[in-house]
Amino acid sequence: MAYSSALFSRVCFTTNYQHSNPNLKSNKLSNRRTLTVSALGADTFDGTTLAVIGGSSVAAIAAAISLSDPEKRRQLQAEEVGGGDKEVVREYFTNDGFQRWKKIYGDTDEVNKVQLDIRIGHAKTVENVMKMLTDEGPLRGVSVCDAGCGTGCLSIPLAKEGAIVSASDISPSMVSEAEKQAREELAGIDDLQMPKFEVSDLESLTGKYDTVVCLDVMIHYPQSKADAMIAHLASLAENRLILSFAPKTLYYDLLKRIGELFPGPSKATRAYLHAEADIERALQKVGWKIRKRGLTTTQFYFSRIVEAVPS
């Protein structure tokens, strides 16, 4: 599903540097920067500050994190649904998670500051991916697999461009909502083909497509499983594979782990960060290379995008 790469579903942060351009030297961490971390376990964001941390406090935070046991919470969650990560994801996005993310991906005003920011970030990722795709020429008649389609945020724009879209998601609730949105937005438009939606996990997808796109799904896969998933998606694509993922850096990994100290009352899925070098290595292993790279950032959303082609 097109699960937003808000890297820390339980952590928010604000800083005094320009987050939209993290590569500038002026954006490097310094001891003078102040960081605010807030719990986001519940569906609403009340701005309650859990910690205000200076750059010199990183070691102390890391020591505190080492005393927590988020893995135990994850094991209990998996036991409740009778499986591992995949079963947890399916259960979450079919029930409680579906209601939350349907609201975030939609256009309702009933969203808090963080959810609105994530909505904007995810929309920017879709916009960036659409630009990557259309830069190569018109999409009319091009077959595209939208793997992890969520509520159809990418599938519908692809169909509007004339692409032949096969879309899937592990959550029946997400697929049902995507079909509903597609009917509402595409009805009456001549010469367009409705996307074909199906309920499926990534590993079960079959077929051959000109292009395969998988947005914000790898956050649910540890790197060992992500390698196999990337290899499988590449086997379905003939010309292009586009992936987005939450980047793994020391700074973001630390913030994610801080968030795990405050799980909140609502369930959430496990979140995995990925180093771009690991994604590139997995692609090279199956004979693909990265041709284009992109980046989407907002205050609470950070997503790397890569477009790969056969070597």
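In the predicted model, helix α8 has the length expected of its residue count: at 1.5 Å a residue, its 14 residues should span 20 Å, and the C-alpha atoms at its two ends are 20 Å apart, which agrees. The buried residues of α8 are Q223, A226, M229, I230, L233, A234 and L236. These residues cover an arc of only 150° around the axis, which puts them on the same side of α8. The exposed residues S224 and A228 are carried on the face of α8 that is turned away from its buried side. The cover over the buried residues of α8 includes β4, β7, β8, α10 and β9.

The largest nonpolar core of the model comprises 27 residues, and within this core L233 and L243 touch the most other members. At least two residues of this core come from each of β4 (143-147), β7 (209-214), α8 (223-236), β8 (237-245), α10 (276-285), β9 (288-297) and β10 (302-310). The greatest contribution to this core is that of α8, which gives six residues. With residues up to four places away in sequence not counted, L233 touches A147, L205, V212, C214, L241 and L243. Another core, of 25 residues, lies apart from the largest one and has M130, I156, V213 and L215 among its members. In soluble globular proteins, nonpolar side chains tend to be buried together.

Strand β8 is mostly covered, with seven of its nine residues buried. On the pairing with β7, five bridges are found and the two strands run parallel. Within this pairing, V212 has L241 of β8 as its bridge partner. The chain passes from β7 through α8 to β8, and the resulting β-α-β crossover is right-handed. Strand β8 is also joined to β10 by five bridges, in this case with the strands antiparallel. The residue of β10 that serves as bridge partner of L241 is A308. L241 is thus bridged to V212 and to A308, and L241 is also among the residues touched by L233 of the largest core.

A further β-α-β unit, likewise right-handed, is made by β5, α7 and β6. Strand β5 (residues 164-169) pairs with β6 in the parallel sense over four bridges. In this pairing, F197 of β6 is the bridge partner of A167.

The second core can be described further through M130, one of its members. M130 is placed in helix α5 (residues 113-134). The relative accessibility of M130 is 12%, so this residue counts as buried, the limit for that class being under 20%. Apart from neighbours within four places in sequence, the contacts of M130 are L139, L154, P157, L158 and E161. Of these contacts, L158 is 28 residues from M130 in sequence, while the C-alpha atoms of the two residues are 7.7 Å apart in space.

Helix α3 (residues 85-94) also has a set of buried residues, namely D85, V88, V89, Y92 and F93. These residues cover an arc of only 110° around the axis, which puts them on the same side of α3.

Backbone geometry was examined at two aspartates. Most residues other than glycine have a negative phi, and most peptide bonds are trans. In D191, phi is near 65°, a positive value in a residue other than glycine. D191 is found in the loop that lies between α7 (172-186) and β6 (196-199). With a relative accessible area of 67%, D191 is exposed. In D216, phi is near 55°, again a positive value in a residue other than glycine. D216 lies in the loop between β7 and α8, within the path by which the chain crosses from β7 through α8 to β8. In contrast to D191, which is exposed, D216 is buried, with a relative accessible area of 0%.

At the level of the whole chain, ten helices and ten strands are present. Of the 311 residues of the chain, 50% count as buried. Among the contacts in the chain with a separation of 6 or more, 71% are accounted for by residues 24 or more positions apart.

Notes: Residues are numbered from 1 along each chain as its sequence is written. This is a predicted model: local features need pLDDT of at least 70, side-chain atom pairs count only at pLDDT 80 or more; totals for chains, interfaces and linings use all residues. Side-chain values use heavy atoms; hydrogens and water are left out. A nonpolar core is a set of buried Ala, Val, Leu, Ile, Met, Phe, Trp, Tyr and Cys residues joined through side-chain atoms within 4.5 Å. Buried means under 20% relative accessible area, exposed over 50%, partly exposed in between (1.4 Å probe, protein chains only). Contact means heavy atoms within 4.5 Å. The expected span of a helix is 1.5 Å times one less than its number of residues. The arc is that of the directions from the helix axis to the C-beta atoms. Two strands pair if DSSP finds at least two bridges between them. A crossover is right-handed if, with the strands pointing away from the viewer, the path from the first strand over the helix to the second runs clockwise.
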